[in-house]
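Work through the two exercises below with the sequence and the model in view, and try each task before you read its solution.

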Amino acid sequence: MEIRLPDLALKRIFSFLDLFGLLQVSQVNKHWNRIADSDYLWRSLSLQRWDCSNFTYQHLGTHTWKQFFLHQRRKELRLALAQPRNFIYKVTKNIAFETQLAYLSGNSLTMDEQEKSIICSVSPKQELCAWDVQEVGDAAGDIYTFTLPGLRDVSKVTAFQYGIVLLHCSPDKKWVFACGTYSRTLPQVFLTESLLRPSEGSAPLSTFLPHKLCASACWAPKVKNRITLMSQSSTGKKTEFITFDLTTKKTGGQTVIQAHEVASFQVAAHLKCPIWMGASDGYMIVFTSGPYLLLFSITGFLLQRFEDHQAAINNFWVDPCYVLTTSENSVHVYVWEEGGRHPYLRSCCHLENTWHDHTTDSCISSVMCDNASIVLRLRKVSDSSILVMYSLNT
């Protein structure tokens, strides 16, 4: 005799499944298929993966949450499935920049098929300049400019008595990590709310992370309040990764920030000193060492090693979907596997130096991507820059 569980019980059981599990149980029978297709389960999966708490049924239109989730995943996997022949690349003329590049758009949570990839930077004239990756041709490509400081200031807080070299906001915008130029001072983490609305005569809420000589840091995109620091000795021969969880606690009417060290490990002495680092789900760290890309657990266990470049990796990009590495003559694309499954990081597309004819006297100074484009910034000997922009020919 077949035992049929109530809908509510099945829905509760299915809520513990990931994407693949939910798709599998939907094929058992019509009853399970109906439960597995419920908006409740697919909205829950969407919230776990993206910050879509403000996404409403009005944004969905006639689509279901299952259709929304699968559509976003298809967009995320576009680069992972692409081959070099699927890209169109364009090179801009010489441009002067004061800051790094950033995406103004891309990876947005919409049901639109065609999205614009718009990048921006600040010029020496203190203008915020933007380029449409899909539309830029031979011209400089300025589309929007906003004169600074016309953009409204929100607040100003003195964090250090000297320059700041590292500044990272957490994915949920709750925390701001800052590290100064003075090596003997500990890096700090600030509560964002206290920076936006600083109290008169009082310092913003912060805590020190007890590790000097911080060379880099990154927030875990899928574990709230978790940050990993890369600490290096003054000689550069010793590298340590330390992971902290941050909490707030109220005592005596005051809020106190606490940092708890959850894991740490030292990089083996035979490995070349890392320059770039990133994190995936909060339990894995990826970093470069010479021509190698290495994936470690936060406790120091080597999970994967890639050697897709002949020369040393000179630039690096990590986000919740992709990892990009560059050497002097190529770009390589990796994609994180769904749900932290093995293999945790998958090697995908390799782009050779198609820009060499335009840029014989330059080197790659930064790289980044969204779901539909890859952008390289090449710095020339003259201190001007060239943008090499790859867009997927969809």
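**Exercise 1: a salt bridge between two helices**

Arg 34 forms a salt bridge with Asp 7, and the closest N and O atoms are 3.1 Å apart. A salt bridge here is a side-chain nitrogen of Lys or Arg within 4 Å of a carboxyl oxygen of Asp or Glu. The model is a predicted one, in which local features need pLDDT of at least 70, side-chain atom pairs count only at pLDDT 80 or more, and totals for chains, interfaces and linings use all residues. Residues are numbered from 1 along each chain as its sequence is written, and side-chain values use heavy atoms, with hydrogens and water left out.

Task: work out which parts of the chain are tied together by Arg 34 and Asp 7.

Solution. Begin by placing the partners: Arg 34 lies in helix H3 and Asp 7 in helix H1, so the pair ties together parts that are 27 residues apart in sequence. Helices are DSSP runs (H or I, at least four residues), numbered from the N terminus.

**Exercise 2: the buried side of H4**

Task: find which residues of helix H4 (residues 39–49) are buried, where buried means under 20% relative accessible area with a 1.4 Å probe, protein chains only.

Solution. First, list the buried residues of H4, which are Leu 41, Trp 42, Leu 45, Ser 46 and Arg 49. Next, look down the axis of H4: these residues fall within an arc of 135°, taken from the directions from the helix axis to the C-beta atoms, so they line one face of the helix. Finally, follow Arg 49, whose side chain meets that of Glu 76 in a salt bridge (3.0 Å, N to O).

Technical notes:
Buried means under 20% relative accessible area, exposed over 50%, partly exposed in between (1.4 Å probe, protein chains only). Helices (H or I, at least four residues) and strands (E, at least two) are DSSP runs, numbered from the N terminus.
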